[in-house]
Amino acid sequence: MDKELVLVIDFGGQYNQLVARRVRECDVYCEIYSYKTPLDKIKAMNPKGIILTGGPSSCYEEGAATCSSELFELGVPVLGLCYGAQLMSHVLGGKVERAANREYGKTDITLDTTSALFGGAAGLANADILQSMPAETTCWMSHFDYISKLAPGFKSVAHTDSTPVAAMENVERGLYGIQFHPEVLHTPEGSKMLFNFVRGICGCSGDWRMDTFVEDTIKNIRAKVGNGKVLLALSGGVDSSVAAGLLSRAIGKQLTCVFVDHGLLRKNEGDEVEAVFGEGGQFDLNFIRVNAQERYYGKLAGVSEPERKRKIIGEEFIRVFEEEAKKIGAVDFLAQGTIYPDVVESGLGGESAVIKSHHNVGGLPDFVDFKEIIEPLRDLFKDEVRKAGLQLGIPERLVFRQPFPGPGLGIRIIGEVTAEKVVIVQDADYIYREEVDKAIAEYKAANDGKEPAWMPNQYYAALTNMRSVGVMGDERTYDYAVALRAVKTIDFMTAEAAQIPFEVLQTVMSRIINEVRGVNRVFYDLTSKPPGTIEME
Ligand code: XMP
């Protein structure tokens with residue numbers, strides 16, 4: 001597929017994936033590459049535009065991340081963001097210096113709205129699509145260094161009280177710089193600025209759309225797989241479900257999905273996955289459900305150390321999958337639901353430190369007899385995977401499922417896992433999610449579809465390993481305490497407790513105590529991350 005491409009050149013800043021996501025939201029395809037990528041490779045990719053990201057360096061220091069001045073002579077528009085803007089100035093003959101004080105946080109800014117970045121149309125062929133914005137607005141600043149002297153040919157097109165060059169342009173050369181961060185939500189007009197750059201200044205037509213992605217991917221899978229057989233480990237999570245949907249539409253029964261029910265799924269989840277992908281469901285494929293609950297509970301008996309539990313659950317998954325794969329025999333392809341952040345975070349895309357080595361299905365490739373890996377979602381961000389899922393007709397409750405860890409309830413039951421505890425946590429968690437979902441729906445219905453400020457990004461009930469004394473009727477009880485967790489987070493690296501309304505928590509508490517046997521106390525977890533983690537173990 002020959003689609004228009006914008007390159008996001010990564011200088012190691014924290015918002016770089018967000019920059020790429022915002023560009024994709026403008027229906028423009030982009031990829032993240034390290035600043036070390038050779039110029040020849042950049043040229044060969046024939047980009048329609050280039051964005052230089054933020055980064056932690058000071059461009060005037062020895063050994064700082066840099067780029068060649070030739071990057072600005074390719075005849076392709078370039079937009080520098082924060083460090084990227086400073087570097088552009090520095091390389092092209094301006095001056096960057098350390099300011100007396102760091103400028104950080106939401107900042108009032110004045111924009112020159114004659115600049116195409118800010119919706120002014122002077123001289124642009126496709127000026128009619130530019131999005132306009134007010135001259136006085138706010139932006140998100142985070143910098144020590146500032147551009148103290150513009151490079152020749154540039155003019156300043158925005159300023160704040162302490163930053164004379166908050167944005168700059170050299171229209172003749174198609175070069176633009178923004179000192180603040182248009183990619184974050186704290187810059188309310190930021191998405192429009194990025195739109196104006198990629199769609200207006202770079203002239204991208206907006207050919208990156210999920211309906212065409214789905215059609216093209218189905219064609220590509222058919223061409224690649226031919227008559228071959230494909231095996232996929234289906235977890236019921238968003239990524240593997242969408243991968244299964246795409247593969248099924250492309251090659252039907254040449255696809256076999258193995259779904260391992262490890263007995264640590266949420267209430268009814270195994271049956272829900274089977275209803276969508278199993279016999280009588282909407283997809284044509286071979287679906288194998290392995291009910292391995294007893295095996296897992298056996299392996300986990302007596303084990304309470306969190307990492308040991310994780311390891312057992314991961315290893316057992318490989319054993320079970322390997323046995324099923326042996327029954328099927330050699331396959332041509334092993335499919336994985338790898339998505340773009342996995343690629344970037346494993347160090348293959350940008351400049352970000354390797355955060356986690358990527359093993360989407362826990363080392364499966366070493367244990368299955370196959371010729372090649374196939375990863376149909378490798379280019380997509382999570383929100384794009386969801387859109388593709390909707391295109392494929394996968395039910396919304398699956399597509400918008402909140403993140404659920406691979407080891408499942410195994411790490412939401414503190415201490416030893418037993419079949420009895422699994423039922424308790426499943427029932428408590430079901431009630432909690434039901435009540436929170438109901439409260440969210442009611443809020444939306446009363447507020448024109450707007451989400452509540454307390455809308456959590458992940459919420460679940462866990463079973464603490466603590467038992468305490470209570471009284472029920474006239475009898476003394478000695479039962480477990482359930483902990484409720486709900487967090488607000490963007491990147492899951494930091495999080496804070498969501499302020500679920502107290503009435504909702506009270507309803508949940510009384511339902512859990514009344515409906516779930518073995519529980520006599522309910523706690524709400526207020527801990528942020530850090531110092532806590534989102535999961536309990
Ligand atoms: P933590 O607990 O590290 O969670 O703050 C951050 C995000 O990662 C998920 N998580 C896991 N996902 N296997 C997974 O597939 C795991 O072992 C695991 N541990 C945590 C967690 O649900 C949250 O979204």
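This briefing describes the nonpolar cores, the ligand site, unusual backbone geometry and selected buried residues of the structure above. The model is a predicted one. Its largest nonpolar core holds 125 residues, and a ligand is surrounded by residues that include Arg310, Gly406 and Glu535. Two cis peptide bonds follow one another in the chain, from Lys529 to Pro530 and from Pro530 to Pro531.

**Nonpolar cores**

- Within the largest nonpolar core, which has 125 residues, the members that touch the most others are Phe277, Tyr432 and Ile512.
- Helix 13, spanning residues 419-446, supplies the largest share of this core, with nine residues.
- A further core of 40 residues lies apart from it, and Cys26, Cys30, Phe118 and Tyr176 are among its members.
- Beyond four places in sequence, Phe277 is in contact with Leu234, Ser241, Ala244, Gly245, Phe283, Leu285, Phe287 and Leu398.

**Ligand site**

- Arg310, Pro403, Pro405, Gly406, Pro407, Ile411, Gln458, Phe492, Lys529, Thr533, Ile534 and Glu535 make up the shell around the ligand.
- By residue type, this shell comprises six nonpolar, three polar and three charged members.
- Arg310 places a polar side-chain atom 2.6 Å from an oxygen atom of the ligand.
- Glu535 likewise has a polar side-chain atom beside a ligand oxygen, at 2.5 Å.
- Gly406 approaches through its backbone instead, with an N or O atom 2.9 Å from an oxygen atom of the ligand.
- The protein buries 68% of the 490 Å² that the ligand exposes when taken alone.

**Backbone geometry**

- Most peptide bonds are trans, and most residues other than glycine have a negative phi.
- The bond from Lys529 to Pro530 is cis, with omega near -15°, and Pro530 is located in the segment after strand 18 (519-524).
- The next bond, from Pro530 to Pro531, is also cis, with omega near 10°; Pro531 too belongs to the segment after strand 18.
- Lys529, at the start of the cis bond to Pro530, is also one of the residues around the ligand.
- Asp27 has a positive phi, near 65°, although it is not a glycine.
- Asp27 sits in the loop between helix 1 (16-25) and strand 2 (29-34), and its relative accessible area of 25% makes Asp27 partly exposed.
- Asp448, likewise not a glycine, has a positive phi of about 50°.
- Asp448 occupies the loop between helix 13 and strand 15 (458-472), and with a relative accessible area of 82% Asp448 is exposed.

**Gln179, a buried polar residue**

- Gln179 is part of the loop between strand 9 (175-178) and helix 4 (190-201).
- Because its relative accessibility is 1%, Gln179 counts as buried.
- Its side chain makes a polar contact of 3.2 Å with the side chain of Gln86.
- Leaving out residues up to four places away in sequence, Gln179 touches Cys82, Gln86, Met141, His143, Asp145, Tyr146, Thr163, Val165 and Ala166.

**Ser248 and Phe283**

- Ser248 belongs to helix 6, residues 238-251, and is buried at a relative accessible area of 5%.
- A polar atom of the Ser248 side chain lies 3.0 Å from the backbone oxygen of Asp284.
- Apart from neighbours within four places in sequence, Ser248 is in contact with Leu255, Phe283, Asp284 and Leu285.
- Phe283 is found in the loop between helix 7 (269-277) and strand 12 (286-291), where Phe283 is buried with a relative accessible area of 6%.
- The contacts of Phe283 beyond four places in sequence are Gly245, Ser248, Arg249, Val276, Phe277, Leu392 and Ile394.
- Phe283 thus has among its contacts both Ser248 and Phe277, the latter being one of the residues that touch the most other members of the largest core.
- Between the C-alpha atoms of Phe283 and Val471 the distance is 51 Å, with 188 residues separating the two in sequence.

Terms used. Residues numbered from 1 in each chain as written. Predicted model: local features only at pLDDT ≥ 70, side-chain atom pairs only at ≥ 80, totals over all residues. Heavy atoms only, no water. Core = buried A, V, L, I, M, F, W, Y, C linked by side-chain atoms within 4.5 Å. Buried < 20%, exposed > 50% of the residue type's maximum accessible area, 1.4 Å probe, protein only. Helix = DSSP H or I, 4+ residues; strand = E, 2+ residues; numbered from the N terminus. Contact = heavy atoms within 4.5 Å. Near = heavy atom within 4 Å. Polar contact = N/O pair within 3.5 Å; in protein donor to acceptor, adjacent residues only side chain to side chain. Areas by Shrake-Rupley, 256 points an atom, 1.4 Å probe, with all protein chains shown as cover. Nonpolar A, V, L, I, M, F, W, Y, C, P; charged D, E, K, R; others polar.
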